[in-house]
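Have your viewer ready with the model loaded. We will walk through it one selection at a time, and you can pause wherever you like.

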Amino acid sequence: MSVLTRDEAQARAQILDVQRYTIELDLTTAEETFDSRTVIEFTARTAGDTFIELKPATLRSISLDGQPLDPAHLTGNRFPLNGLTTGPHELRVDAAMHYSRTGEGMHRFTDPSDNQTYVYTQLFMDDVQRVFAAFDQPDLKSVFALTVTAPEGWTVLGNGIAEHTGNGRWTIAPTPPVSTYLVAVAAGPWHSVTTEHAGLPFGIHCRRSLAPHLDADADEILDITRACFDRFQEKFDEPYPFDSYDQAFVPEFNAGAMENPGLVTFRDEFVYRSAVTDTERQTRGMVIAHEMAHMWFGDLVTLAWWDDIWLNESFAEYMGYQTLAEATPFTDTWVDFGVARKGWGSDADQRPSTHPVAPDPADVPDTASALLNFDGISYSKGASALRQLVAWLGEKDFLAGINTHFARHKFGNATLADFIDNLASATDRDVHAWADQWLRTTGIDTLTAHTGETDTTWSLTIDHQGTRPHRISVGVYDHTLDTQHGPTPLALRERFTTGIPEDTTLTRPGRRPALVVINDEDLTYAKIRLDPHSWNTVLDSLSGIPDALTRAVIWNAARNLVRDGELAPSTYLEAARAHLPYETDLALLQGVLAFADTQVAGRYTTPEDRPAALATLTALCRDLIRRTEDGTNPGLRLTAVRHLIDAATQPDTIQGWLTDDIVPGGPGLDPELRWRILTRLAVLGATDEETIDAALEDDPSATGQEGAARCRAALPTPEAKATAWDAMFHDDTLSNYLFTATAQGFWQPEQTDLVRAYVPRYYPEAAQLAARRGPAIAEAAGRHAFPAHAVDADSLRLGEEALTDQALIPALRRKLTDQLDDLRRALNVRNAT
């Protein structure tokens, strides 16, 4: 199969103007394939040659302007259209297309709970070719009119209002001009909750087996949807550009969600079938807001080529957090961003695979390379950059520039240059220079504080390592005289704004404060280093800092110190042990515990020290459980219970919970906790296949199937490992989710000797798997099946040798590059401490 290059796309865009697609999909023909008939009306501006893309199971017929063409001319995913004359043309294509089990194209899923089948599309980047023939590039926008024939009893959803016209046939209202990758269909016996808002039909949908869980949260989901919709209508001059707003929670979805106009698709883990924390609900709300922002930035105005993907994702990421904070009860979203999301961007920015937020077009020559840029840089770093831009520019001018952008390019395409020009039209500031410094460069700056004092003043000097300008807040804190149990509380003396590099040395009246926090409101993107005096205060009083966002900045500073080998992992764990029992912000607690568990105890701590690290985490979680015995903070208690399960080194306590079906004092066990405990028992060799089978019989759902696959792969026997390995790497029938679950169970730090022989097998077999099954499975193999526990020189050497294979597909090469860099960093941390 050929990937589309930027040069090819530009050449085709000069030749063609595409007016309309009329598409008929028949989902009733077979279990492995569906029928796809497409009529494309387009105009050739000049005479010449071009091509159409499709990936059929069978190409039955193709004709141009009524003249049949030979289907045998299809080469890979391209059918040549040679000798086009200037003027209008009509292309007709009739094909059978494969259903997918990897979340690409038209994904088909049969729910094991009730044997009901659902299909949905994910057409991102170049997967529209798996569903219908198309001139598949974002700047050839068109109207799309779809009809779908589905089994009786199914409901069909699409980008516009769908009408059932009888005999299983559904007609979807034609779209305004949109890009090919944004076309969407979801069909099945959906459970739906519908309403109307602002004169438009709104709906939320899920598979029937999840109906009670969707109904339980429907008011919350719809309230957030309405509140964000109204807030965007206030922010943006352009009204919502489509005729309806549906949100479908679909199974085995690879991404968090997808911004299809009028039909946003979400992974259906967001329909919670087990207890969750308020932070997890906030995350769902942020994703709702993020995808809605795309209706304007991405759908109304679309990038011209994939080098500008950040225009879509950075904007939606920033707007998702900001609008959720403004419009809903989740007012502290930036704390979660700071502690859980920001590190995703800064970690990616320190790897060899880093790239600018807005990369050079030459570095995104084709769709395969573009797919690699959907990462922490395009999302998290880009959103951080936009937050800094708003701090520097002011929100009024920022929104004025955005609205100019929408007005000039609605239902069209735009580039970085267009975006910056439109922002510049709203301000006297030099936005072009800012963009060059922030969006065209890589890496992360470091801001280091130095403080001093005299009899009457104290001084602050900020050492700036890097090239970007920063507008930051500085928080100045003193100890208070309050008496309480736990760390000494701190009080804010003052908070002031300064610019870097303009004002890097400041003198303030009064004694030196106990704590000085640069970037106090987390408005910029940089590593922060505290002065020694402040760091000593932090170690004693971190949980006594009054503002959660300030605490997030400091925990992030500690996280970066650990990753850079400048703070012992054990010191981080000791700080968590000392301060998390007093932490009141759940997002902060979850973020710190996640890093402590997966990275500090999981990778940065040597095998000899791991038992002590797990003991510290267990003691911390027991403290949190004791703190919540009165039932006042169920989310905190749930978080502590989860992490205590994951840190268990002996089976007795958690086996007792499973036997009694409850944690003493609560919570009662739900499916998520049962499978979590059973997975840990499997790792510890304290369960068996018979018990796993019985658990699956009690919970035969899709997540139950995943839980059982994870448990079986985690069993510490040679037979279990051989079976799991064969399922992942030799039997290509596993769906994307079952592959991931199996991979998550396979490698365990407690089973190093048992799986040692599989480490050298991983690299060649992952390469072969990726070549056979494509980018989605390649990404899963690189992310979840990688032997991350093997932090040693031999594993690093094997990986570096694997990267010399020029045949590696780009998706796997990128994941291996990142994983090996993380492995190298883990080795450095261990050696430093």
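Start by selecting helix 11, residues 532–541, in this predicted model. Helix 11 lies across strand 24, strand 25 and strand 27, and runs at about 100° to strand 27. Now add helix 12, residues 548–563, which packs on the sheet and touches strand 24, strand 25 and strand 27. The direction of helix 12 makes about 80° with that of strand 27.

Next, hide the helices and look at the strands themselves. In what order do the three strands of this open sheet come? The order is 25-24-27, with antiparallel pairing. Strand 25 (490–500) and strand 27 (515–518) stand at the edges; each has a single partner strand, so one side of each is left without a neighbour in the sheet. On average, and ignoring direction, neighbouring strands here are turned by 20° against each other.

Zoom in on strand 24, residues 470–479, which pairs with strand 25 over 10 bridges in the antiparallel sense. To see one such pairing, pick His479 and then Leu490, its bridge partner in strand 25.

Now move to strand 8, residues 105–110. Is strand 8 enclosed or open to the outside? Five of its six residues are buried, so strand 8 is largely enclosed by the rest of the structure. Select strand 9 (residues 117–122) as well: the two strands run antiparallel and are joined by six bridges. Thr110 has Thr117 of strand 9 as its bridge partner. Between the strands of this hairpin are six residues, and Asn115 takes a positive phi near 65°.

For the interior, select Ile52, Phe132, Phe135, Phe398, Leu439, Tyr762 and Leu812. These have the most contacts inside the largest nonpolar core, which has 237 residues. Helix 14 (residues 586–604) gives the largest share of this core, 10 residues. A second, separate core has 27 residues, including Ala9, Phe51, Tyr181 and Val364. In soluble globular proteins, nonpolar side chains tend to be buried together.

Stay with Phe398 for a moment and show what surrounds it. Leaving out residues up to four places away in sequence, Phe398 touches Phe315, Tyr318, Met319, Leu386, Leu389, Val390, Leu393 and Leu423.

Finish with the cysteines. How many disulfides does a search of the whole structure find? It finds zero. Select Cys621 and Cys711: the closest cysteine sulfur to that of Cys621 is in Cys711, 20 Å away, which is too far for a bond. Cys621 is buried, at 0% relative accessibility. Cys206 is buried too, with a relative accessible area of 0%.

Terms used
Residues numbered from 1 in each chain as written. Predicted model: local features only at pLDDT ≥ 70, side-chain atom pairs only at ≥ 80, totals over all residues. Heavy atoms only, no water. Disulfide = S-S within 2.5 Å. Buried < 20%, exposed > 50% of the residue type's maximum accessible area, 1.4 Å probe, protein only. Helix = DSSP H or I, 4+ residues; strand = E, 2+ residues; numbered from the N terminus. Pairing = 2+ DSSP bridges. Core = buried A, V, L, I, M, F, W, Y, C linked by side-chain atoms within 4.5 Å. Contact = heavy atoms within 4.5 Å. Axes fitted to C-alpha atoms, helices over the stretch in contact; angles between N-to-C directions.
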